[in-house]
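Please look over the sequence and the fold shown here before reading on. The paragraphs that follow go from the sheet to the helices that pack on it, and then to the charged side chains.

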Amino acid sequence: MDSLGKQPLSIVLIISRMKSCVHSPVEKVLHVGSLELDLIDRTARRGNRPIDLRPREFQLLKYMMQRSDQVLTFANLIKDVWHFKIAPETNRVNVHMGRLRSKVDGPNEAPMICNVRGEGFVLSATPALAKNLPGLRGLKQRELTQTNSNNV
């Protein structure tokens, strides 16, 4: 202990930060309803069904799962998933979202990815929320989350 006290402060700080990094919990698997995304193995499943994702689809699904039950605007998706500073005039989000939706929402499964017309998209495990999305057009993200928590 005496030897640590004599070391420069920066070395002591580096060691303590390294220890805190080793012990801090890291989220390895995301869950939204029956949807599971393994961040380490980079695999996805809905129930027992594996989902084959391209790298951008994986990033997009991860972003959506971390913000489930929130309306994600086109601008936020372009900025946070594609890392563009300004939103170009493109259908890029719609194309990728269509591919992702066809993979996540299989036949005879309740839809989890829904379009909020004129706003963006939402990922939700609550079927009642997904069915009522057209009526939620004017809701803010906070209100949408409250609506979902009241239904659970």
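Which residue in β3 is the bridge partner of E36? The partner is R45, and this bridge can be placed within a wider arrangement, for strand β2 (residues 35–38) and β3 pair in the antiparallel sense over 4 bridges, where two strands count as paired if DSSP finds at least two bridges between them. The model is a predicted one, in which local features need pLDDT of at least 70 and side-chain atom pairs count only at pLDDT 80 or more, whereas totals for chains, interfaces and linings use all residues. Residues are numbered from 1 along each chain as its sequence is written, and side-chain values use heavy atoms, with hydrogens and water left out.

The open sheet is formed by 4 strands in the order β1-β2-β3-β4, with antiparallel pairing; helices (H or I, at least four residues) and strands (E, at least two) are DSSP runs numbered from the N terminus. Its edge strands, each pairing on one side only, are β1 (29–32) and β4 (49–51).

Helix α3 lies across β1, β2 and β3 and runs at about 120 degrees to β2, the angle being taken between N-to-C directions on a scale from 0 to 180 degrees, with axes fitted to C-alpha atoms, for helices over the stretch in contact. Helix α5 also packs on the sheet, touching β2, β3 and β4 (contact means heavy atoms within 4.5 Å), and its direction makes about 165 degrees with that of β4. Within α3, the buried residues are E57, F58, L60, L61, Y63, M64 and M65, where buried means under 20% relative accessible area, exposed over 50%, and partly exposed in between, for a 1.4 Å probe and protein chains only.

One of these buried residues, E57, meets K103 in a salt bridge at 2.7 Å, N to O, a salt bridge being a side-chain nitrogen of Lys or Arg within 4 Å of a carboxyl oxygen of Asp or Glu. This pair links distant parts of the chain, helix α3 and helix α5, with the two residues 46 apart. E57 counts as buried because its relative accessibility is 2%, while K103, at 23%, is partly exposed.

A second salt bridge joins the side chains of R46 and E109 at 3.6 Å, N to O, and spans 63 residues, from strand β3 to the loop between α5 (92–104) and β6 (113–116). R46 is buried, at 8% relative accessibility, and E109 is partly exposed, at 27%. Both residues belong to a network of salt bridges that links R46, R49, D105 and E109.
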